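User: I'm new to reading protein structures and would like to go through one with you, feature by feature. Can we start with strands and work outward from there?

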Protein chains: 2
Amino acid sequence: MNRKQTTGVAIVGCGTVGGATATMLTRDAELVSQRCGTRIELRYIVDEDFTRAEELGMDASLFREDLDKVLGDDSVQIVAELVGGTTVAKTIIEKALAAGKHVVTANKALLAHHGAELWALARSNNVCIAFEGSCTGGVPIIGALCGGLLGNRIDAIFGIVNGTCNYILTEMTTRGQSYEEALGRAQGDGLAEADPTLDVAGVDSAHKIAILAALAFGRRIDFEAIPVSGIDSLDTMDIRFGQELGYVVKLLAIAQRQSDGLSLRVRPAFISKEHPLAWVSGPFNAVSVYGHATGHTMYYGRGAGGFPTASAVVADIAAIALGTAQRYSALLGIWPDQAPEANQLAIEAVRGRYYLRVMADDRPGVLASIAEILAEYNISICSVLQHESSHANAGVPVIITTYEATEGDVLAALRKIDAMDVIKSKTTCIGIVDEHEERL
Amino acid sequence: MNRKQTTGVAIVGCGTVGGATATMLTRDAELVSQRCGTRIELRYIVDEDFTRAEELGMDASLFREDLDKVLGDDSVQIVAELVGGTTVAKTIIEKALAAGKHVVTANKALLAHHGAELWALARSNNVCIAFEGSCTGGVPIIGALCGGLLGNRIDAIFGIVNGTCNYILTEMTTRGQSYEEALGRAQGDGLAEADPTLDVAGVDSAHKIAILAALAFGRRIDFEAIPVSGIDSLDTMDIRFGQELGYVVKLLAIAQRQSDGLSLRVRPAFISKEHPLAWVSGPFNAVSVYGHATGHTMYYGRGAGGFPTASAVVADIAAIALGTAQRYSALLGIWPDQAPEANQLAIEAVRGRYYLRVMADDRPGVLASIAEILAEYNISICSVLQHESSHANAGVPVIITTYEATEGDVLAALRKIDAMDVIKSKTTCIGIVDEHEERL
């Protein structure tokens, strides 16, 4: 497109992100147009309720309730779907693609569940879907994976991709708050929803790692096959013991190449205090990417919120206006509908180190029995920590860290350990993520 | 370019980066071609000495000594200049552009000094220059500034962009080594040149911030007008006092928008232990970017070395093969030859906070006199630190941190303070970089 040309945009959904996008496309129109050498014009705001749009001082002449009419307007080349969710949003995107509009979306849930289908539809209509805003808000991780890291075989991705969880874990770690206290604080600060399930249960993080893994590995990802656990059952006791051992707990979204396949998982994990991800605090996000040529690179910033996400949406709009998004979207291996299926490993096949907290009676021979069961499953003990204890009614916490083992072996050993009558409650098992080796 | 097409590449200069690039374009040819949907083929390695190329097992049929002949080959579309320096490299790039070849370079010195001239030449020949490898090696910061952050008004950039300096400072900070000891260690580890001047004096960092600022602010930068100081005169005493006050010293390359202009500077500076940049240790690089929509984002990784830099060079080659680099290069405001000149502030106009170490006689009234002079220049004292001292022959160190002041006022006050006969040696002055305010 040449500099004189105008690209018309319709925003569908004027909530937090839609409103911020509308603001950037109007208030900052000069800046955006100047930097991308083509005029980008907000033509319509499509919604059912324009309260937010009015509060933002948007011109009422932009407001439309009828999406179909907007899609019939040839002066609109790009539709930004900022409604969210997987029902109405899917219909909006399908209609827009069918009408020959490029689509920009920040909708990770929709892409994680229906990405392949939507991408096929985009291809058949000769348009593209751009989705920088879907992962880690304003941090351009999609651009890095598709652009600057393109020459790398990606070996692993470790992401802190949910700001709500990271905020809660930071509060629990630095203030010793319980999960419930920290969640309440996050809700008070507007960082957690009234129903925080999607965030705290790890599902939102799983959506994002599904998208990042598809791009990084050039494979089709089965979202349903990603094992997910959240932060809602974390005990501050384990956070404290982890600190004693030199670890910080983070909710990590992991995609890791093993010799036998690809391990995708979301879970609270211990990471060394020395690792850059351990420093990421409060609502910030960060993604560590290990490439065979770059080694470790990391991308950090605000993973949510109106303007950070709108920044990504506007960048995508600009990339379509420039014609670069279309070219990236044609990349083989990046668009998962034509990519081979990933060989996603079951959680039992994951190899890693583990932190175990066994709550045992303070009796002779208990540690020996535990060690024996671990040995039976080929699990070597790396360290043991047991403090002197005076009140042992609920059992004494014995902390064991293991050398590398398969999770299947660890889970089997724990079933056997927990069946012992000296064990007072279910053993806590938290994965330890060691610094991924750089293979330069 | 369509998927069947082949893009021919000539590498000029087969040293560390050139060798790694040649390796990626041959050993990893399948990966790269698959991901960018077009076949990228290394056609020639141009050099005077092929020892390194032979060590890497490169096919001798690729070796050429005559650049002009290579430039006359129509099957070569891209020339990767990996010679370095500002003399021969300039001629190579000029010839390549004149011959209608796209150029990929990692040469920050050349771009910082002659970027505008070379970009004009590229434009007049309807080709582009891609330079992701010129700043922070494998960390795709150029792509972030031109792509994902495109919709942002950039307010500030703070970069740790020289791995040698960061390694030395990390050693000085964590092991209490002197500058000379740490430099020796860096040289032993192959992280510093025998003549480390370009690195430790801050010049290399200035090259990089000149390029980043041109992109971020869409302004032509006068490299010669960037005030530069290096790490070679840093005293471990100041590192220790800084730590006591909660700061870490880093060599920062800064580009900051002030109301009256743009401040570019390179210097050792104190930064809060809480700031993500403070965590960047050893040879790693990181760049913090503050955008009006994203707030704080940071990009972290290995800033030098063969494969990390080659990763960026290969990404640029792929971007040209895809046609995306050409589109970015046409962006108004990104290509500084047509951009307005930046209003670069003199160092005296920079506003900031300062750490001062005054070496004074331990006599009554000294602190009062110092405070009086600071007040005379409108400099408010933020904190004072003076330990009990037993051996005061060389003077007692008095540490003063200031509130925000202009550097001109601070320097003028220090001239007056240092002229006092109770002052035993020149006062040390180090800028304090506070967390830049996010304006979301």
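User: Let me start with a single pair of residues: which residue in β2(A) does G8(A) stand opposite?

Analyst: Before the answer, keep in mind that this is a predicted model. The residue you're after is E41(A), which stands opposite G8(A). That pair belongs to two strands, β1 (residues 6-12) and β2 (residues 39-46) of chain A, which run parallel and are joined by seven bridges. Here's a general idea to carry with you: in a regular strand the side chains alternate between the two faces of the sheet.

User: What is the strand order in the open sheet of six strands?

Analyst: Reading across, the order is β3-β2-β1-β4-β5-β6 in chain A, and the pairing is parallel. Now look at the ends. β3 (63-64) and β6 (129-130) of chain A are the edge strands; each has a single partner strand, so one side of each is left without a neighbour in the sheet.

User: Let me zoom out. How many helices and strands are there in chain A?

Analyst: Chain A has 16 helices and 16 strands. Along the principal axes, its C-alpha atoms fill a box of roughly 80 × 45 × 35 Å. You can also check the radius of gyration: a compact globule of 440 residues would have one near 22 Å, and the 24 Å of chain A agrees with that. As for the inside, 55% of the 440 residues in chain A are buried. And if you take the contacts in chain A with a separation of 6 or more, residues 24 or more positions apart account for 75% of them.

User: Which domains does the domain assignment give for chain A?

Analyst: The assignment gives domain 1 (6-136 + 308-338), domain 2 (141-300) and domain 3 (347-433). Notice that domain 1 is written as two stretches of sequence.

User: How many residues of domain 2 of chain A are in contact with domain 3 of chain A?

Analyst: It's 20 residues of domain 2, and they meet 15 residues of domain 3. On the domain 2 side, α12 (236-244), β8 (247-258) and β9 (261-272) of chain A each supply at least two residues. The largest share comes from β9(A), with seven residues. Sorted by class, this side of domain 2 has 11 nonpolar, three polar and six charged residues. The C-alpha centres of these two domains of chain A are 25 Å apart.

User: Over in chain B, which strands pair with β16(B)?

Analyst: Among them are β9 (residues 261-272) and β12 (residues 351-360) of chain B. β9(B) pairs with β16 (residues 423-433) of chain B in the parallel sense over three bridges, and there F270(B) stands opposite I432(B). β12(B) pairs with β16(B) in the antiparallel sense over seven bridges, with L356(B) opposite C429(B).

User: What rotation superposes chain A on chain B?

Analyst: In general, two copies of a chain are related by a rotation about an axis and a shift along it. Here the rotation is 180° with 0.0 Å of shift, and the RMSD is 0.0 Å. The two copies are therefore related as by a two-fold rotation axis. Both use the same surface, since 100% of the contact residues of chain A recur in chain B.

User: How many residues does each chain bring to the contact?

Analyst: Chain A brings 55 residues and chain B brings 55 residues. In chain A, α13(A) gives the largest share, 10 residues. The chain A side divides into 29 nonpolar, 19 polar and seven charged residues. There's a strand link too: four bridges join β11(A) to β11 (residues 295-302) of chain B, and these strands run antiparallel. In that pairing, Y299(A) has Y299(B) as its bridge partner.

User: One last thing, about backbone angles: is phi of N126(B) positive or negative?

Analyst: Most residues other than glycine have a negative phi. N126(B) has a positive phi of about 60°, although it is not a glycine. You'll find N126(B) in the loop between α6 (108-124) and β6 (129-130) of chain B. N126(B) counts as exposed because it has 10 C-beta neighbours inside 10 Å. N378(B) also has a positive phi, near 65°, and lies in the loop between α15 (366-376) and β13 (381-385) of chain B. With 12 other C-beta atoms within 10 Å, N378(B) is exposed.

Terms used: Residues numbered from 1 in each chain as written. Chains lettered and ligands numbered in written order. Predicted model: local features only at pLDDT ≥ 70, side-chain atom pairs only at ≥ 80, totals over all residues. Contact = placed C-beta atoms within 7 Å. Nonpolar A, V, L, I, M, F, W, Y, C, P; charged D, E, K, R; others polar. Pairing = 2+ DSSP bridges. Domains from an automatic or database assignment. Least-squares fit on C-alpha atoms with pLDDT ≥ 70 in both. Rg over C-alpha atoms; globule rule 2.2 N^0.38 Å. Buried ≥ 20, exposed ≤ 12 C-beta atoms within 10 Å, placed from the backbone.
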